[in-house]
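Welcome, and please open the viewer. We will go from one selection to the next.

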Amino acid sequence: MKSFTPYTLITGASGGIGFELAVLMASKGHNLVLTSRSEEKLANIARQLIKNHNIKAIAIPADLSLAANRERLINEIRAQNIEIEILVNNAGFGDLSAFETSSMAKNQEMIDLNITALTHLTREFLPEMRSSKSGRIMNVASIAAFMPGPLMSVYYASKAYVLSFGEALAQELRGSGVTVTTLCPGPVASGFQERADFNDPTLMKILKPATTTQLAQYGYKSMMKGKRLAIHGRMNRIMVFMLRFSPRSVVARLVMKLHQ
Ligand SMILES: NC(=O)c1ccc[n+]([C@@H]2O[C@H](COP(=O)([O-])OP(=O)(O)OC[C@H]3O[C@@H](n4cnc5c(N)ncnc54)[C@H](OP(=O)(O)O)[C@@H]3O)[C@@H](O)[C@H]2O)c1
C-alpha cells in the first residue's frame with residue numbers, strides 16, 4: 001500500500017504574498033510544494049525553509065498558464081506520493097491598459113493563470129480532500145472582484161470569477177470537512193505593481209498598501225478558521241459593503257479615474 005505524506009501546495013511561492021505564506025506555513029510545520037516560473041529562486045526558498053523549519057519542501061517550477069505545465073506539476077506530485085491537504089491558489093497577475101490596445105496574448109495568459117490554473121488545480125486535488133473529509137483551499141482574489149475595472153478590465157473580471165467560483169464551491173462543500181476561503185487583498189506592495197505597469201509612487205502612497213506579511217498572516221488565519229470570505233483591512237471591508245449601495249456605472253467611473 002502506498003503511504004502518502006500531506007503537503008500544502010502554494011502557487012506563486014517565489015515572491016510577494018505566496019512567498020510570505022510559504023515562510024509562515026513552514027514556521028507552523030506544514031510540508032510544502034512550492035511552484036512558480038522561477039526555478040532557481042524556488043529551489044533556494046525550499047532549501048532555506050527545510051533548513052530553518054525542519055519541514056519537507058519541494059520546488060516544482062512551472063508556468064501555470066500552460067496546461068502541459070500544470071499536468072507536469074500534477075504528475076510530479078503524484079509520482080512522489082504527495083497528498084495535497086491544503087491548496088493555495090495564489091499565483092496571478094494584472095495589466096493596466098485600455099482593452100482596445102491591450103495585448104491579447106497577455107490577456108489570454110492572465111485568464112489562463114488567474115482563472116484556468118486555479119480551476120484546474122482545484123478540480124485535481126479536491127476529490128482526495130473530500131474522501132479524507134478534510135482539506136483547505138484558499139483562492140487569492142482581490143477587492144477588484146467586487147467592481148468593474150476599466151483600464152484593468154480583464155484582471156478585475158478574472159477576480160470576479162475567483163470570488164464567484166470560491167463562494168459557490170464553499171457552499172457545495174458545506175459539511176464535507178473541506179473549506180474554501182476566498183482571500184481579497186486591497187493594494188499590497190509586491191512585485192504585482194511592476195508586472196501590471198501600475199507603478200505610480202504617488203498613487204501607491206495614497207493607497208497605503210498593506211505588506212505581504214500582513215496578507216499572509218491574515219490569509220492563513222482566515223483559511224485555518226475555514227472563513228469563506230476574507231477581505232483584508234477595515235477600510236476595504238467598509239468599501240466592499242458600501243459598494244452594495246452604489247450604482248455600478250458610478251463605481252466604474254471612479255475606478256477608471258483611479259487608473260488614469
Ligand atoms: N499586490 C496587490 O496589490 C494585490 C492586490 C489584490 C490581489 N492580489 C493578488 O495576490 C496574488 C499574489 O500577488 P502578489 O501581490 O504576491 O504578486 P507578485 O509579487 O507579483 O507575485 C506573484 C507570484 O505569482 C507567480 N507567477 C506569476 N506568473 C506565473 C505563472 N505564469 N505561473 C506560475 N507562477 C506565476 C510569480 O512567480 P514567478 O515570476 O516566479 O512565476 C510570483 O511568485 C495574485 O493573485 C494577485 O492578483 C495582489
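A helix crossing is left-handed if the near helix is turned anticlockwise from the far one by less than a right angle, and right-handed if clockwise. This is a predicted model: local features need pLDDT of at least 70, side-chain atom pairs count only at pLDDT 80 or more, and totals for chains, interfaces and linings use all residues. Residues are numbered from 1 along each chain as its sequence is written.

Select helices α1 (residues 16-27) and α8 (residues 212-225); helices (H or I, at least four residues) and strands (E, at least two) are DSSP runs, numbered from the N terminus. The crossing of α1 and α8 is right-handed. Their axes (lines fitted to C-alpha atoms over the stretch in contact, angles running from 0 to 180 degrees between N-to-C directions) lie 8 Å apart at about 60°. Because this angle is neither under 35, over 145 nor 65 to 115 degrees, α1 and α8 are oblique to each other. Among the residues in contact (C-beta atoms, placed from the backbone, within 7 Å) are Leu21 and Leu24 of α1, and Leu215 and Tyr220 of α8.

Next, select strand β1, residues 5-11. Five of its seven residues are buried (20 or more other C-beta atoms within 10 Å of their own, C-beta atoms being placed from the backbone).

Now add β4, residues 82-89, which pairs with β1 in the parallel sense over six bridges; pairing needs at least two DSSP bridges. Add β2, residues 32-35, too: four bridges join β2 to β1, again parallel. Where does Thr8 find its bridge partners? Look at Ile86 in β4 and Leu32 in β2.

Terms used. A residue is buried if 20 or more other C-beta atoms lie within 10 Å of its own, exposed if 12 or fewer, and partly exposed in between; C-beta atoms are placed from the backbone. A crossover is right-handed if, with the strands pointing away from the viewer, the path from the first strand over the helix to the second runs clockwise. Two residues are in contact if their C-beta atoms, placed from the backbone, lie within 7 Å.
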